[in-house]
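Please open the model in a viewer and keep the sequence panel visible. The tour below proceeds by selection, one stop after another.

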Amino acid sequence: MKLDKIDRSILRALQNDGKMSNVELAHLVGLSESACLRRVKSLHEKQIIKQYVALLDPNIIGVPGSVFVRVSLDHQKKSKLAQFEIAVQEVNEVMECYLMSGDVDYMLRVAVKDAPDYERIHNIISSLPAVARIHTSFAIRTVLKRTNLPV
């Protein structure tokens with residue numbers, strides 16, 4: 001999908017402030033309000049803009065910790081991968097899950113309150129289908145966390 005300069009400006013602006021009004025957005029990108037609204041609608045229809053979300057402060061809501069979990073399955077058959085992928089989606093504390101190349105099958109980022117909270121989640125993850133090994137790393141401090149994709 002080819003994006004022009006105005007589409008990219010719209011996307012950058014909305015990534016910074018998804019609550020921005022169409023009037024503000026149109027002014028910022030140099031379009032009329034109706035032209036801007038058409039562009040944003042088109043970006044939605046093309047699934048370039050997937051959804052709008054609120055980014056919460058994990059410290060304030062009580063899950064300040066990030067734990068990175070590397071999961072190895074007992075087999076890499078499609079059926080085992082599919083079973084794991086369906087089951088991991090039911091663990092609310094798993095914020096991200098990636099199928100990996102290399103020495104592990106999956107990398108998870110898990111939001112936790114503290115070490116005892118992770119122990120509870122570890123027990124859940126270890127009981128998911130086909131899990132053979134789990135390697136865990138606790139993040140000490142977040143140095144950089146971006147939500148904006150480069151456009």
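Select helix 1 (5–16) and helix 3 (33–45); they pack at an angle of about 80°, with their axes 11 Å apart. Helix 1 is therefore roughly perpendicular to helix 3. On the side of helix 1, the contact is made by Ile6, Asp7, Ile10, Leu11 and Leu14, and on the side of helix 3 by Arg39, Val40 and Leu43. By class, these residues divide into six nonpolar, no polar and two charged.

Some conventions apply to this and every later stop. The model is predicted, so local features need pLDDT of at least 70 and side-chain atom pairs count only at pLDDT 80 or more, while totals for chains, interfaces and linings use all residues. Residues are numbered from 1 along each chain as its sequence is written, and side-chain values use heavy atoms, with hydrogens and water left out. Helices (H or I, at least four residues) and strands (E, at least two) are DSSP runs, numbered from the N terminus. Contact means heavy atoms within 4.5 Å. Axes are lines fitted to C-alpha atoms, for helices over the stretch in contact, and angles run from 0 to 180 degrees between N-to-C directions. Angles under 35 degrees count as roughly parallel, over 145 as roughly antiparallel, 65 to 115 as roughly perpendicular and the rest as oblique. Ala, Val, Leu, Ile, Met, Phe, Trp, Tyr, Cys and Pro count as nonpolar, Asp, Glu, Lys and Arg as charged, and the others, Gly among them, as polar.

**Helix 2**

Next, add helix 2 (residues 22–29) to the selection. The axes of helix 2 and helix 3 come within 9 Å and cross at roughly 100°, so these two helices are roughly perpendicular to each other. Helix 2 contributes Asn22, Val23, Leu25, Ala26 and Val29 to the contact, and helix 3 contributes Glu33, Cys36, Leu37 and Val40. This contact has seven nonpolar, one polar and one charged residues.

Which residues of helix 2 are buried? They are Leu25, Ala26 and Val29, where buried means under 20% relative accessible area, exposed over 50%, and partly exposed in between (1.4 Å probe, protein chains only). Seen down the axis of helix 2, its buried residues fall within an arc of 100°, so they line one face of the helix; the arc is that of the directions from the helix axis to the C-beta atoms. They pack against helix 1 and helix 3. Rotate the view to the other side of helix 2 to find His27 and Leu28, which are exposed. Helix 2 is followed by Gly30, whose phi is positive, near 80°.

**The end of helix 3 and the loop beyond**

Move to Glu45, which lies in helix 3 and is exposed, with a relative accessible area of 58%. A distance drawn from the C-alpha atom of Glu45 to that of Ser101 spans 33 Å; the two residues are 56 residues apart along the chain. Then select Gln47, in the loop between helix 3 and helix 4 (58–61). Gln47 is partly exposed at 46% relative accessibility, and its phi is positive, near 65°, in a residue other than glycine.

**Helix 5 and its cover**

Turn to helix 5 (residues 78–88), in which Leu81, Phe84, Ala87 and Val88 are buried. Viewed down the axis of helix 5, these residues fall within an arc of 135°, so they line one face of the helix. Their cover includes strand 1, strand 2 (94–99), strand 3 (106–112) and strand 4. Exposed residues Lys78 and Ile86 are carried by the face turned away from the buried side.

**Strands 1 and 4, and helix 6**

Select Ser66 in strand 1 (residues 65–73). Ser66 is buried, with a relative accessible area of 17%. Leaving aside neighbours within four places in sequence, Ser66 is in contact with Arg109, Val110, Ser137, Phe138 and Ala139.

How many aromatic pairs does a search of the whole structure find? It finds two. Tyr118 and Phe138 form an edge-to-face pair, 5.5 Å centre to centre with 85° between the planes. Rings of Phe, Tyr and Trp (its six-membered ring) pair if their centres lie within 6.5 Å; planes under 30 degrees apart count as stacked, over 60 as edge-to-face and the rest as tilted. Tyr118 lies in helix 6 (residues 115–126) and Phe138 in strand 4 (residues 131–138), so the pair ties together parts that are 20 residues apart in sequence. Tyr118 is buried at 5% relative accessible area, whereas Phe138 is partly exposed at 43%.

Finish at Ala130, in the loop between helix 6 and strand 4. Ala130 is buried at 14% relative accessibility, and its phi is near 70°, a positive value in a residue other than glycine.
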